[in-house]
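User: Hey, could you walk me through this protein? I'm new to reading structures, so plain words please.
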Amino acid sequence: MTGLAVIAGLMIAVGLAGIVLPVLPGPVLIVGGVAVWAVPRGDAVGWWVLGITVLVTVAGQVAKYLLPGRRLKASGVPTRTLFAGLVLGAVGFFVVPVVGLFLGFVLGVWLAELVRLPDAATAWRSAREALTAVGWSILIELAAGLVAVAVWIGGLVVG
């Protein structure tokens with residue numbers, strides 16, 4: 001394994017972590033890592049692997065917004081609820097590093113729904129729908145990232 005492959009592997013690993021802990025731009029790091037490996041090669045295997053990785057990543061990004069978004073629209077959760085979760089998640093990240101992001105997001109979504117809906121139980125059901133959609137979004141993005149990694153590993157084996 002060459003030095004560039006090691007650097008690419010580290011970038012890809014950090015990218016996968018960035019998908020699960022949304023502090024880093026995970027998909028960008030994965031594509032960047034594959035590019036670090038593929039571009040200097042300059043052969044057909046490198047370009048095919050990079051092209052497939054980009055396509056899988058773009059498809060994952062589109063799917064991560066479309067599929068959970070349909071579920072949110074069907075359940076009636078407004079966009080401002082997710083925005084409130086995002087704002088409190090960002091605040092929580094600095095107040096309680098790493099876990100504060102998740103705690104703040106959950107609290108923000110629940111508080112926004114509590115203001116919008118008549119009682120705490122209804123707000124929690126609605127907030128749970130929003131959290132489920134966000135979870136699906138992360139899983140879709142992670143699946144696309146793992147497929148991209150599998151394509152890169154296939155390129156390592158072939159080339």
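Analyst: Sure, one term to start with: helices (H or I, at least four residues) and strands (E, at least two) are DSSP runs, numbered from the N terminus. Keep in mind that this is a predicted model, where local features need pLDDT of at least 70 and side-chain atom pairs count only at pLDDT 80 or more, while totals for chains, interfaces and linings use all residues. Residues are numbered from 1 along each chain as its sequence is written, and side-chain values use heavy atoms, with hydrogens and water left out.

User: Okay, how many helices and strands are there in the protein?
Analyst: The protein has six helices and zero strands. Going from the N terminus, the order is α-α-α-α-α-α.

User: What does the C-alpha trace span?
Analyst: About 60 × 35 × 20 Å along its principal axes.

User: And how much of the protein counts as buried?
Analyst: Of its 159 residues, 35% do. Buried means under 20% relative accessible area, exposed means over 50%, and partly exposed is in between (1.4 Å probe, protein chains only).

User: What about the surface, what does the accessible area come to?
Analyst: The accessible surface is about 8800 Å², and 79% of that belongs to carbon and sulfur atoms. Such areas come from the Shrake-Rupley method with a 1.4 Å probe; for residues, only the protein chains shown count as cover.

User: Which residues make the nonpolar surface patch?
Analyst: Phe83, Leu86, Val87, Val91, Val95, Val96, Val99 and Leu103 make a patch of about 750 Å². Patches are built from residues with over 30% relative accessible area and no salt bridge, joining like charges within 9 Å and nonpolar side chains (Val, Leu, Ile, Met, Phe, Trp, Tyr) within 5 Å.

User: Which helix gives the most to that patch?
Analyst: H4 does, with five residues. Helix H4 (79-95) and helix H5 (99-116) each supply at least two. Val96 sits in the loop between H4 and H5, and Val96 is partly exposed at 37% relative accessible area.

User: New topic: how many salt bridges does a search of the whole structure find?
Analyst: Three. A salt bridge here is a side-chain nitrogen of Lys or Arg within 4 Å of a carboxyl oxygen of Asp or Glu.

User: Which one links distant parts of the chain?
Analyst: Glu141 and Lys64, whose side chains meet at 3.1 Å, N to O. Glu141 is in helix H6 (residues 120-158) and Lys64 is in helix H3 (residues 44-75), so the partners are 77 residues apart.

User: Are those two buried or exposed?
Analyst: Glu141 counts as buried at 9% relative accessibility, and Lys64 counts as buried at 12%.

User: Cool. How far apart in helix H5 are Arg116 and Glu113?
Analyst: They're three residues apart, which means about one helical turn separates them. Their side chains meet in a salt bridge at 2.8 Å, N to O. Glu113 is buried, with 0% relative accessible area, while Arg116 is partly exposed at 30%.

User: And what does Asp43 meet in a salt bridge?
Analyst: Arg41, at 2.7 Å, N to O. Asp43 is partly exposed with a relative accessible area of 28%, and Arg41 is partly exposed at 28% too.

User: Last one: of the contacts between residues at least 6 apart in sequence, how many join residues at least 24 apart?
Analyst: That's 58% of them. Contact means heavy atoms within 4.5 Å.
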